[in-house]
Amino acid sequence: MGIVPASRSSIRCFLYALSFLIRKMCSSSPPRKRRRASTPAPGIAVPQPAPAPRYDFAALATADPALLTPYLRRGARRVTVDFSIEGATLAVTRAILQHHFRLSLALPCGNLVPTVPARVQYLSWAASLLGDARRARSASLLDVGTGPSAIYALLAARTLPDCWDVTATDVDPVALEHAELNVARNELSARIHVLARSAADEVVPPPSYFSSRQAPPLALVVCNPPFYDTGETPAAAPAPGSRAQLETAGGEVAFLLRVARDGRAHGARVWFTGLVGVKSHLGALKRGLRSDIVRASEVAWVRLSAGGRTVRWAVAWRFAEEDGEGKDD
Ligand code: SAH
């Protein structure tokens, strides 16, 4: 018997059946499980951050020539700042705070100089999670690890409605002393409470702290955690600052998971947020937040960028309502 050449249509049928079989085998095999183990489920949708504000250096220098002029470079098309000159970052930070937020800043020598645009971007994104109606109501904001500048606390007091109360914590005595000083020199002592914590304390003070001060209930937490694990701060750290400000046991992921565990006591009304500096830390943080120990019910993250470059990630989470807890949105 001779071999009958296959017709075009029977080849097409055969290929279709084969691709169907392959698709079926792939969809019924375990890769789903493998994917789950390495990639956490997608986060919930939250508002995207507005671009980091850009400030006009020429206008800032005109407002206070003594502060910025030594660091300015006048190009053909625009005025820039030469950040390689020592003191330039601090001068720019001071100028922006003064002219856009009526804030005056004092920092101890050799400490972290907070850059303003990225902090304004993160803080306004965090506040946007509450929605306009909730933002207008009286509530407490907690800045965990405020640092010597108390920068988030100061910006929050200037940009959130007056009915907001701010608590700013730290463990470092130098940071606490300067944070107090910065709050006082801006006459914000009635709005911002600097709270000394010890390393063994909860990183989020319990609800009794807010009620004993007759402060409104906690609604929003912001945190720029220490980046490095203990003993891992590189000799040439990206920013000067005391070791205590840059290091924490377990690094930024462990610190933010502490914020989450200690924050559970405040229930479902609070948006917790934190900054993450290293992209590869995001996976471990998201898994930790959804773990049985923390049990965050909603987890979201966004990319914060400046000039098209990713600078940080911001993570936000909330807890589910416990039985009997009132709804608040
Ligand atoms: N918020 C400031 C400083 C961030 S650096 C800014 O963005 O510029 C992190 C800060 O967390 C340091 O000041 C460090 O002293 C503080 N910190 C470390 N452990 C802490 C803890 N357990 N509770 C509160 N603050 C802590």
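This presentation describes the fold of one protein chain, its central sheet, two helices that pack on the sheet, and three salt bridges.

Good morning. The model before you is predicted, and every value I quote has been computed from it. I shall begin with the chain as a whole. The protein chain contains 13 helices and 9 strands. It has 329 residues, and 43% of them count as buried. If we take the contacts between residues at least 6 apart in sequence, 71% of these join residues at least 24 apart. The accessible surface amounts to about 17,700 Å², with 57% of that area belonging to carbon and sulfur atoms.

Let us turn to the sheet. In what order do the strands of the open sheet lie? Reading across, the order is β5-β4-β3-β6-β7-β9-β8, which makes 7 strands with mixed pairing. The edges are taken by β5, residues 192-196, and β8, residues 298-306. Each of these has a single partner strand, so one side of each is left without a neighbour in the sheet. Leaving direction aside, neighbouring strands are turned by 20° against each other on average.

At the β5 edge, the partner is β4, residues 164-170; the two strands run parallel and are joined by 5 bridges. Within this pair, T167 stands opposite H193 of β5.

Two helices that pack on this sheet deserve attention. α6 touches β3, β6, β7, β8 and β9, and its direction makes about 155° with that of β6. α12, residues 251-263, touches β3, β6, β7 and β9, and its direction makes about 175° with that of β7.

I would like to stay with α6 for a moment. This helix covers residues 116-128, and its 13 residues reach 18 Å from first C-alpha to last, close to the 18 Å expected at 1.5 Å a residue. Which residues of α6 are buried? They are V116, R119, V120, Q121, Y122, L123, W125, A126 and A127.

I come now to the salt bridges. The whole structure holds 6 of them, and I shall discuss three.

The first pair is R191 with D162, whose closest N and O atoms are 3.4 Å apart. R191 belongs to the loop between α9 and β5, and D162 to the loop between α8 and β4; the two residues are 29 apart and link distant parts of the chain. Is each partner buried or exposed? R191 is buried, at a relative accessible area of 14%, whereas D162 counts as exposed, at 65%.

The second pair involves the strand β4 itself. Here the side chains of D165 and R213 meet at 3.0 Å, N to O. D165 lies in β4 and R213 in the loop between α10 and β6, so the salt bridge ties together parts that are 48 residues apart in sequence. D165 has a relative accessible area of 12% and is therefore buried, while R213, at 24%, counts as partly exposed.

The third pair takes us to the opposite end of the strand order, where β9 is followed by β8. R318 and E298 form a salt bridge, with 3.3 Å between the closest N and O atoms. R318 is in strand β9 and E298 in strand β8, and 20 residues separate them. R318 is buried, with a relative accessible area of 13%; E298, at 22%, is partly exposed.

To close, the picture is of an open sheet of 7 strands, on which α6 and α12 pack. Thank you.

Definitions and conventions: Residues are numbered from 1 along each chain as its sequence is written. This is a predicted model: local features need pLDDT of at least 70, side-chain atom pairs count only at pLDDT 80 or more; totals for chains, interfaces and linings use all residues. Side-chain values use heavy atoms; hydrogens and water are left out. Helices (H or I, at least four residues) and strands (E, at least two) are DSSP runs, numbered from the N terminus. Buried means under 20% relative accessible area, exposed over 50%, partly exposed in between (1.4 Å probe, protein chains only). Contact means heavy atoms within 4.5 Å. Accessible areas come from the Shrake-Rupley method with a 1.4 Å probe; for residues, only the protein chains shown count as cover. The expected span of a helix is 1.5 Å times one less than its number of residues. Two strands pair if DSSP finds at least two bridges between them. Axes are lines fitted to C-alpha atoms, for helices over the stretch in contact, and angles run from 0 to 180 degrees between N-to-C directions. A salt bridge is a side-chain nitrogen of Lys or Arg within 4 Å of a carboxyl oxygen of Asp or Glu.
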